[in-house]
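Take a look at the protein shown below. This report walks through its parts one by one.

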Amino acid sequence: MKMMKFIAVGAAMAMACAVSATVIDFEDLVGQGEVPDGYGGVADWGDWWHYDWDQFPYNPHSGIVRVYNIGDGHFTFADEVIFQGAWFAGYGSGGGYSPISFGLYLDGELVHMSDSIDLQGDGVPTWLDSGYGGYVDMVKIDASHGFYVMDDVTFVPAPGALALLGVGFVGLGRRRR
């Protein structure tokens with residue numbers, strides 16, 4: 001009996017820890033238009049737009065669709081996440097534009113500023129890592145004079161929902177007995 005409880009609790013914990021990263025690649029958006037709020041688990045996309053045609057040096061990291069927001073942009077997650085980063089392409093300070101960095105926020109408070117990247121205008125997408133492993137609910141892009149596109153936004157959802165699911169399975173197992 002104790003062994004069964006141990007196994008059930010271990011399975012619940014493994015499920016909670018097995019959360020994998022979510023990558024928003026925008027590939028199901030067609031043509032050009034605003035990124036709709038709620039898309040990909042992001043509650044508010046602010047003023048982000050998407051498009052799906054060739055435009056050098058604004059190359060996507062994967063597929064053909066990417067998003068843009070001239071200057072500073074932000075997006076707010078529906079729930080807390082561990083934001084890992086995103087891919088960017090476009091012009092950097094060599095073209096007279098600002099480097100790009102992330103400001104990460106939780107409950108309206110700045111919790112971390114990422115390093116910055118300086119796009120080269122060569123069309124090669126560059127990964128910008130958040131450099132932060134804690135929870136956030138909003139990401140601000142600091143590129144006040146930038147022309148860039150963003151692709152493959154990567155984050156890990158908070159494991160709370162999966163942990164509750166695991167606890168529910170343990171409860172169901174106990175109830176069956």
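## A loop with a cis proline

Start in a loop. Pro57 sits between strand E4 (49-51) and E5, in the loop that joins them. The peptide bond leading from Phe56 into Pro57 is cis. Its omega is near 5 degrees. Keep in mind that this is a predicted model.

## The overall plan

How many helices and strands does the protein have? There are two helices and eleven strands. Read from the N terminus, the order is α-β-β-β-β-β-β-β-β-β-β-β-α.

The protein has 177 residues, and 38% of them are buried. About 9,400 Å² of the protein is exposed. Carbon and sulfur atoms supply 59% of that area. Now take the contacts between residues at least 6 apart in sequence: 71% of them join residues at least 24 apart.

## The nonpolar cores

The largest nonpolar core holds 30 residues. Which of them touch the most other members? They are Trp45, Phe75, Phe83, Phe88, Ile141 and Met150. Four strands each supply at least two residues of this core: E6 (73-91), E7 (100-106), E10 (136-142) and E11 (147-157). E6 gives the most, with six residues. Another core lies apart from this one. That core has five residues, among them Tyr58, Tyr68, Ala89 and Val149.

Phe88 shows what a core residue can touch. Leave aside its neighbours within four places in sequence. Its contacts then include Ile100, Phe102, Ile117 and Leu119. Phe88 also touches Val124, Pro125, Thr126 and Leu128. Ile141, Tyr148, Val149 and Met150 complete the list.

## Aromatic rings

The structure holds 16 aromatic pairs. Take Phe26 and Tyr39. Their ring centres are 6.0 Å apart and their planes meet at 20 degrees, so the pair is stacked. This pair links distant parts of the chain, 13 residues apart. Phe26 is in the loop between strand E1 (22-24) and strand E2 (33-34), while Tyr39 is in the loop between E2 and strand E3 (42-44).

Are these two residues buried or exposed? Residues under 20% relative accessibility count as buried. Phe26 has 0% relative accessibility, so Phe26 is buried. Tyr39 has 14%, so Tyr39 is buried as well. Phe26 has another feature: its phi is near 65 degrees, a positive value in a residue other than glycine.

Ring pairs also build a cluster. Its members include Phe26, Tyr39, Trp45, Trp48, Phe75 and Phe77. Phe83, Phe88, Phe102, Tyr148 and Phe155 belong to the cluster too. Elsewhere, a charge meets a ring: the charged end of Lys140 sits over the ring of Tyr105, 4.8 Å from the ring centre.

## Strand E11 and its partners

Why is E11 described as largely enclosed by the rest of the structure? Nine of its eleven residues are buried, so the description fits.

E11 pairs with E1 in the antiparallel sense over three bridges. Here Val23 has Thr154 of E11 as its bridge partner. Strand E5 (residues 66-68) also pairs with E11 in the antiparallel sense, over two bridges. Tyr68 stands opposite Val149 in E11. E6 and E11 form an antiparallel pair over nine bridges. In E11, Asp151 is the residue opposite Trp87.

## Thr76 in strand E6

Thr76 lies in strand E6. Its relative accessibility is 22%, so Thr76 counts as partly exposed. Not counting residues up to four places away in sequence, Thr76 touches Val42, Ala43, Asp44, Asp137 and Met138. Asp37 is 39 residues from Thr76 in sequence. In space, the two are 9.3 Å apart, C-alpha to C-alpha.

## The E7-E8 hairpin

E7 and strand E8 (residues 109-117) pair in the antiparallel sense over six bridges. Leu104 stands opposite His112 in E8. The two strands form a hairpin with two residues between them.

Asp107 is in the turn of this hairpin. Its phi is positive, about 55 degrees, although Asp107 is not a glycine. With 61% relative accessibility, Asp107 counts as exposed.

Conventions
Residues are numbered from 1 along each chain as its sequence is written. This is a predicted model: local features need pLDDT of at least 70, side-chain atom pairs count only at pLDDT 80 or more; totals for chains, interfaces and linings use all residues. Side-chain values use heavy atoms; hydrogens and water are left out. Buried means under 20% relative accessible area, exposed over 50%, partly exposed in between (1.4 Å probe, protein chains only). Contact means heavy atoms within 4.5 Å. Accessible areas come from the Shrake-Rupley method with a 1.4 Å probe; for residues, only the protein chains shown count as cover. A nonpolar core is a set of buried Ala, Val, Leu, Ile, Met, Phe, Trp, Tyr and Cys residues joined through side-chain atoms within 4.5 Å. Rings of Phe, Tyr and Trp (its six-membered ring) pair if their centres lie within 6.5 Å; planes under 30 degrees apart count as stacked, over 60 as edge-to-face and the rest as tilted. A charge sits over a ring if NZ of Lys or CZ of Arg is within 6 Å of the ring centre and within 35 degrees of the ring normal. Two strands pair if DSSP finds at least two bridges between them.
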